[in-house]
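Okay, thanks everyone for coming. I'll put the structure up and then walk you through a few parts of it.

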Amino acid sequence: MQQTDTLYLAMLQYFAGDAKRCQHFIKVHSLAALIGRAEGIDEHTQLLLEAAALVHDCGIKPGEAKYGRNDGKIQEQEGPAVAEVLLADAGFALQDRERICYLVGHHHTYSNIDGLDYQILVEADFLVNFYEDKLPPANIKICTEKIFKTATGIKLARTMFGI
């Protein structure tokens with residue numbers, strides 16, 4: 001079994017009983033994987049991207065337990081520690097865990113995006129959130145124009161939401 005499969009199953013267990021959270025990370029992972037392949041990123045970066053997409057929202061549970069909320073900043077604050085454990089248990093190397101935890105700790109920060117893995121994770125999360133949050137097309141168009149950089153992410157937003 002691949003590391004990402006092990007991590008996928010661990011995340012399903014982590015969010016057991018919370019179908020909404022499970023469905024969210026599954027969709028973000030699927031879109032991130034597709035965008036990464038379409039953009040031609042290298043195999044190692046694809047691995048990091050897919051792992052980050054699986055664990056990107058793992059800060060929700062501790063945020064809700066500690067603070068009674070799970071907004072983006074709380075997710076960024078609480079997620080890396082949880083991700084570190086999940087990633088180590090799945091056999092990810094320390095250097096890879098550091099990058100993935102960095103992505104988890106920044107996936108709601110849209111300035112200073114420092115790599116294609118980061119950009120694609122943000123775009124995949126937005127694509128899922130556009131739908132789940134029922135954003136109006138005008139808002140989706142503005143957000144896509146401001147945040148999205150990959151040709152694939154832009155095409156997916158235009159295709160999925162008719163913008």
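So, start with helices α1 and α2: they're roughly antiparallel to each other, because their axes make an angle of about 155° and anything over 145 degrees counts that way. Keep in mind that this is a predicted model. If you want to find the two on screen, α1 is residues 3-14 and α2 is residues 19-38. Their axes are 9 Å apart, and the crossing is right-handed.

Who's touching whom there? From α1 you've got Tyr8, Met11 and Leu12, and they meet Cys22, Phe25, Ile26 and His29 of α2. Sort those residues by class and you get six nonpolar, one polar and no charged.

Let me stay with His29 for a moment, since it sits in α2. Is His29 buried or exposed? His29 is buried, with a relative accessible area of 12%. If you skip the neighbours within four places in sequence, the contacts of His29 are Tyr8, Glu50, Ala53 and Leu54. And here's a distance to keep in your head: from His29 to Phe130 is 15 Å, C-alpha to C-alpha, with the two sitting 101 residues apart in sequence. We'll meet Phe130 again in a minute.

Back to α1, which also packs on α5. The α5 helix covers residues 72-89. The axes of α1 and α5 come within 10 Å and cross at roughly 130°, so these two count as oblique to each other. This crossing is right-handed. On the α1 side the contact uses Leu7, Ala10, Met11 and Tyr14, and on the α5 side it's Val82, Leu86 and Leu87. The class count here is seven nonpolar, no polar and no charged. Notice Met11: that residue meets α2, and it meets α5.

Why would residues spread along a helix end up on one face? An α-helix has 3.6 residues a turn, so residues three or four places apart point the same way.

Next, helix α6, residues 94-104. Which residues of α6 are buried? They are Asp96, Arg97, Arg99, Ile100, Cys101, Leu103 and Val104. What do they pack against? The buried residues of α6 pack against α3, α5 and α7. So α5 turns up again: it meets α1 and it takes part in the packing with α6.

Cys101 from that list brings us to disulfides. How many disulfides does the structure hold? Zero. For Cys101 you can see why: the closest cysteine sulfur is in Cys58, and it's 7.6 Å away, too far for a bond, given that a disulfide needs the two sulfurs within 2.5 Å. Cys101 is buried at a relative accessible area of 10%, and Cys143 is buried as well, at 14%.

Now over to α7 and α9. Helix α7 runs over residues 116-132, and α9 is residues 151-161. Their axes come within 10 Å and cross at roughly 10°, which makes α7 roughly parallel to α9. The contact takes Glu123, Leu127, Phe130 and Tyr131 from α7, and from α9 it takes Gly153, Leu156, Ala157, Met160 and Phe161. Those residues split into seven nonpolar, one polar and one charged. And there's Phe130, the residue we put 15 Å from His29.

Last stop is the loops, and a bit of backbone. Most residues other than glycine have a negative phi. Asn112 isn't a glycine, yet its phi is positive, about 60°. You'll find Asn112 in the loop between α6 and α7, and it counts as exposed, at 69% relative accessibility. Lys134 does something along those lines: its phi is positive too, near 55°. Where does Lys134 lie? Lys134 is in the loop between α7 and α8, with α8 being residues 137-147. Lys134 is exposed, with a relative accessible area of 71%.

That's it from me, so go ahead and spin the model around.

Methods
Residues are numbered from 1 along each chain as its sequence is written. This is a predicted model: local features need pLDDT of at least 70, side-chain atom pairs count only at pLDDT 80 or more; totals for chains, interfaces and linings use all residues. Side-chain values use heavy atoms; hydrogens and water are left out. Buried means under 20% relative accessible area, exposed over 50%, partly exposed in between (1.4 Å probe, protein chains only). Helices (H or I, at least four residues) and strands (E, at least two) are DSSP runs, numbered from the N terminus. Contact means heavy atoms within 4.5 Å. Axes are lines fitted to C-alpha atoms, for helices over the stretch in contact, and angles run from 0 to 180 degrees between N-to-C directions. Angles under 35 degrees count as roughly parallel, over 145 as roughly antiparallel, 65 to 115 as roughly perpendicular and the rest as oblique. A crossing is left-handed if the near helix is turned anticlockwise from the far one by less than a right angle, and right-handed if clockwise. Ala, Val, Leu, Ile, Met, Phe, Trp, Tyr, Cys and Pro count as nonpolar, Asp, Glu, Lys and Arg as charged, and the others, Gly among them, as polar.
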